[in-house]
Amino acid sequence: MAQTRIRPGPGEVPVLGGVAEMASRFDVILCDVWGVLHDGERAHAAAGDALTRFRALPGERPRRVVLVSNAPRPGASVQAQLDGFGLPRSAYDAIVTSGDLTRALIAERGEAPLYHLGPDRDLPIFAGLSAPRVPPEEAAHVVCTGLFDDEVETAEDYRPLLATLRERGLPMICANPDLVVERGARLIPCAGALASLYEAMGGTVIYAGKPHRPVYEAAVEAAAALDGLAPAAPDRVLAIGDAIRTDVAGASGFGIASVLVARGIHAEELGCHAGEPLGEIAEWLEAQPVHPDAVVEVLRW
């Protein structure tokens, strides 16, 4: 694909054929997972190949890839899922998740009882922690990992429960700041949708993942620790993701470059579902609160 350009306001954003066009400028890639490396059902082969090729590039320091996910589970659980989807381990060096940060926040609170708002599949986030899980009326705080049944429910179904939590003044730790996520061809609501509603109702929310700074600090430090080096300079770190609100905004706030994967969470807005080519997106991009440094249809080399 020939490189074209779009203009979000006064600047210019290149539309790349693949990340090879800019990869050599960076030592570290912080890559989103869901919607970029897989669709919730299977891995995207081209994405795994692109990251593997990046890691093999020569340079003054090793090229590293850290997967940064808003999954409300520990990194080990995410790795097992990626293995099942068929993503090669050659594509990345480490995984940092919002679940990892959530565990740290829970540990800081010791044995303060918590109410888990989310499905049982997220229970690994509590493994080995001493805080007891209790009903809402006995809790000191809430850990939100998602909806109980995200196939049929929406955040509005939780308004009465959230009102009860708000009346008790319980702070909420949001273990997945995403509002929605791709599952096949559908968009499924995430914990971020519940946290956003809770905030709108006057509740206090602590967000554990993107777009908030701590997860980026942890990811850059994880990359450096692999080689016993100082963290890479911000201008040598690239974030890749498919969400303006989390991936692009988070990268901007952290002071690093970003590439937006168009055929991800925003695919329907951009009209590029089901094999449709990426059309004119300048108007859409101009309307966004933050802008990426480049756009690519899918993550590929």
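**Exercise 1. How many bridges join strand β8 to β11, and in which sense do the two run?**

Before solving, note that this is a predicted model, in which local features need pLDDT of at least 70, side-chain atom pairs count only at pLDDT 80 or more, and totals for chains, interfaces and linings use all residues. Residues are numbered from 1 along each chain as its sequence is written, and side-chain values use heavy atoms, with hydrogens and water left out.

Step 1. Helices (H or I, at least four residues) and strands (E, at least two) are DSSP runs, numbered from the N terminus. Two strands pair if DSSP finds at least two bridges between them.

Step 2. Strand β8 covers residues 172–174, and 3 bridges join β8 to β11 in a parallel run. M172 sits opposite V205 of β11.

**Exercise 2. Place this pair in its sheet and find the helices that pack there.**

Step 1. The sheet is open, with 4 strands in the order β6-β7-β8-β11 and parallel pairing. Its edge strands, β6 (114–117) and β11 (205–207), each pair on one side only. From one strand to the next, the twist averages 25 degrees.

Step 2. Helix α3 (residues 98–108) lies across β6, β7 (141–144), β8 and β11, at about 155 degrees to β8. Helix α4 (residues 159–167) also packs on the sheet, touching β6, β7 and β8, and makes about 160 degrees with β6. Contact means heavy atoms within 4.5 Å; axes are lines fitted to C-alpha atoms, for helices over the stretch in contact, and angles run from 0 to 180 degrees between N-to-C directions.

**Exercise 3. Is E297 buried or exposed, and what surrounds it?**

Step 1. Buried means under 20% relative accessible area, exposed over 50% and partly exposed in between (1.4 Å probe, protein chains only). E297 has 12% relative accessibility, so E297 counts as buried.

Step 2. E297 lies in the segment after β14 (294–296). β14 pairs with β2 in the parallel sense over 2 bridges, and V15 stands opposite V295 there.

Step 3. The side chains of E297 and R263 share a polar contact of 2.7 Å (a pair of N or O atoms within 3.5 Å; within protein, one must be able to donate a hydrogen and the other to accept it, and residues adjacent in sequence count only if both atoms are side-chain atoms).
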